[in-house]
Amino acid sequence: MSAEIRLEGVSRRFGPGTPAADAVDLVVPEGSFYGLLGPSGSGKTTLLRLVAGFETADAGRILIGGAPAEALPPERRDLGVVFQSYALFPNMSVAENVGFGLRARNLPRRERRARVEEALALVRLEGLGGRRPHALSGGQRQRVALARALAVRPRALLLDEPLSALDRALRAEMQVELRRIQREAGVTTLFVTHDQEEALTLSDRIGLLRDGRLVQEGPPRDVYRRPRTAWAARFLGEATVFEGTPAPGGLTLPDGARIRWSDAAPGAALAAIRPEDVTLLRPSDPVPDGWNALDAELEVSIFSGPTATHRLRRGDLALAALTKGGEGPAAAPGDRLILAWPPERTAPLEG
Amino acid sequence: MSGRGWRNAGRLWLGLVLLFLYLPIAVMAAMSLNASPFYQLPFEFSWRWYDDLAGNRQLQRAAWTSIWIALATAAIATALGTAAAVALHRGPRGRRVLEALLFPPIAVPWLITGTAMLVFFFLVGIGRGNGAVLVGHVALAIPYVVLVVSARLRALDPALEEAARSLGASRWTAFRRVTLPFLAPGVIAGALFAFAVSFDQFVISYFLQAPGQTTLPVEIYAAIRKGFTPEINAVSTLVIGVSMALLLLVARLVRFGDLR
């Protein structure tokens with residue numbers, strides 16, 4: 001039975017300095033995929049370990065399926081954990097690894113065998129049960145770790161950077177696989193990663209963690225489109241951040257230019273835009289009605305196949321624009337261009 | 001000198017070192033197979049001294065005493081040493097001090113350790129005898145076991161035990177089914193080490209033995225004092241064979257431990 005995970009005011013401190021978890025409130029709805037994203041040292045792994053029961057919280061409550069779990073040892077929390085190192089038992093075959101949790105639950109041999117087969121089929125490793133972990137490829141080990149965690153039909157799945165040890169191509173493939181397997185198993189999943197693209201790709205909801213605090217959360221699209229702070233905007237991808245003075249419906253840059261947004265955000269003095277939302281125009285091109293427009297000097301254009309990134313400068317302000325690889329106005333470094341974007345693409349930020 | 005010249009010089013040097021280490025042993029082994037009791041040459045092959053050995057009840061009894069004490073030492077020191085290594089690995093307060101305290105006993109001269117043990121055992125009433133020898137050997141062997149098992153523990157992924165716990169295994173089950181099998185090469189190497197430490201031990205045994213009960217090294221020493229016979233060459237050759245086989249096995253297991 002899949003279950004909701006709920007953290008209420010969870011704190012954990014490992015000595016002086018920044019706490020690893022600072023009054024974190026977080027809900028992973030039943031059956032959903034929650035991506036916990038943060039730079040290294042932000043406390044994301046600590047949160048996962050607190051849920052798993054490998055660490056004890058200094059304060060706060062951890063509820064799994066509505067029931068308090070703080071007092072339960074890890075073996076009684078009924079969770080599946082996939083570790084960054086996979087932690088496959090080297091002295092056991094693949095089938096013994098996958099069957100470990102079933103044996104610990106004293107299931108009869110026949111049922112154990114059936115459940116191991118089922119779990120291996122789910123991760124598409126049928127017939128590899130007799131292998132030893134060291135005879136498997138990285139991607140296969142990852143799947144065994146997943147099958148082992150799922151074979152016990154846990155109430156929730158906890159994934160600690162499970163893809164970070166894989167190379168790029170395999171990683172992209174496993175992202176798709178991971179999501180398929182999670183949907184098929186219908187299991188509540190808490191996923192920890194430092195890779196923003198991975199979190200955006202996989203998650204139903206993401207939470208941004210910084211210095212032990214959950215600074216923003218929501219569906220990936222919302223958090224990406226409407227970051228709340230400059231830090232969140234930059235951490236989730238590339239962003240141009242404007243700093244100015246509040247003005248009605250937008251802000252005024254120090255050089256007098258106006259940036260407008262469509263949100264109701266009175267008093268905001270910071271705003272961000274994404275490079276892919278910007279259209280590059282020649283000074284002679286007409287700017288669509290109601291759009292923001294800023295002129296800037298092109299510094300460099302970097303062509304990378306499907307896309308090209310353009311870096312521009314306006315006084316002290318560095319700006320970026322992303323176009324399709326073969327598009328955009330023909331321009332050379334030093335040329336003046338207009339960056340234009342609709343006001344609803346401007347994200348006002350908190351200070 | 002060219003690079004190759006240096007390499008050859010290095011090889012020659014290594015050869016000389018090994019010759020220095022093994023020549024006396026090789027000569028002794030050869031003489032144990034020489035018919036002459038006075039080391040006369042030419043060499044004349046004979047099993048004579050080994051035949052004599054087969055009839056020497058006293059040496060045999062000493063050998064059995066040595067073997068059972070070594071086996072018991074291996075069993076007890078391995079259990080205690082492994083537990084100590086695991087406890088140290090869990091990182092208790094003062095771990096560094098505890099770890100550091102394990103090494104001096106290896107460096108203290110056996111003569112001193114033996115004297116200290118004799119005095120202490122006399123005070124607490126253990127006295128002398130095979131029991132005292134066993135306790136002494138266990139104390140000597142424990143640091144070696146801790147060292148070897150600790151090396152293996154450092155290669156242990158802490159996530160292994162956590163994975164087992166998260167899958168529903170209790171602390172003890174996780175240790176028994178995951179950690180212990182991983183430690184096995186280190187534990188076996190530690191046991192062999194402990195056996196060798198005990199089997200080869202002379203000074204402590206000499207100090208702690210009751211009159212009439214002797215271990216093999218002590219018996220060999222006594223035999224030499226009485227008058228040297230090539231029979232001693234034969235028994236020494238056997239002892240060296242056993243010890244070297246054990247330590248080669250240790251070397252192999254410890255190396256395996258690093259690889260996996």
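1. In this predicted model, helix H3 of chain A (residues 109-122) gives the most to a positive surface patch, contributing three residues. The members of the patch are A:Arg103, A:Arg109, A:Arg110, A:Arg113 and B:Arg176.

2. B:Arg176 is the patch member written under chain B. The residue sits in helix H9 of that chain, residues 171-199. Its relative accessibility is 41%, so B:Arg176 counts as partly exposed. That class lies between the buried limit of 20% and the exposed limit of 50%.

3. Next, the aromatic rings. Over all chains, the count of aromatic pairs is 13. One pair joins B:Trp47 and B:Tyr50, with 5.5 Å from centre to centre and 75° between the planes, an edge-to-face arrangement. Are these two rings' residues buried or exposed? B:Trp47 is exposed, at 52% relative accessible area, whereas B:Tyr50 is buried, at 17%.

4. B:Tyr144 and B:Phe193 form a stacked pair, because their planes meet at 25° and their ring centres are 5.4 Å apart. This pair links distant parts of the chain: B:Tyr144 belongs to helix H7 (residues 130-154) of chain B and B:Phe193 to helix H9 of chain B, with their positions 49 residues apart. With a relative accessible area of 19%, B:Tyr144 is buried; B:Phe193, at 23%, is partly exposed. The two labels differ because buried means under 20%.

5. Helix H9 of chain B therefore appears in two of the points above: it holds B:Arg176 of the positive patch and B:Phe193 of the stacked pair.

6. Which residues form one aromatic cluster? They are B:Phe202, B:Tyr206 and B:Tyr221.

Methods: Residues are numbered from 1 along each chain as its sequence is written. Chains are lettered from A and ligands numbered from 1 in the order in which they are written. This is a predicted model: local features need pLDDT of at least 70, side-chain atom pairs count only at pLDDT 80 or more; totals for chains, interfaces and linings use all residues. Side-chain values use heavy atoms; hydrogens and water are left out. Patches are made of residues with over 30% relative accessible area and no salt bridge: like charges are joined within 9 Å, nonpolar side chains (Val, Leu, Ile, Met, Phe, Trp, Tyr) within 5 Å. Accessible areas come from the Shrake-Rupley method with a 1.4 Å probe; for residues, only the protein chains shown count as cover. A salt bridge is a side-chain nitrogen of Lys or Arg within 4 Å of a carboxyl oxygen of Asp or Glu. Lys and Arg count as positive and Asp and Glu as negative; His and the chain ends are not counted. The place of a charge is taken as NZ of Lys, CZ of Arg, CG of Asp or CD of Glu. Helices (H or I, at least four residues) and strands (E, at least two) are DSSP runs, numbered from the N terminus. Buried means under 20% relative accessible area, exposed over 50%, partly exposed in between (1.4 Å probe, protein chains only). Rings of Phe, Tyr and Trp (its six-membered ring) pair if their centres lie within 6.5 Å; planes under 30 degrees apart count as stacked, over 60 as edge-to-face and the rest as tilted.
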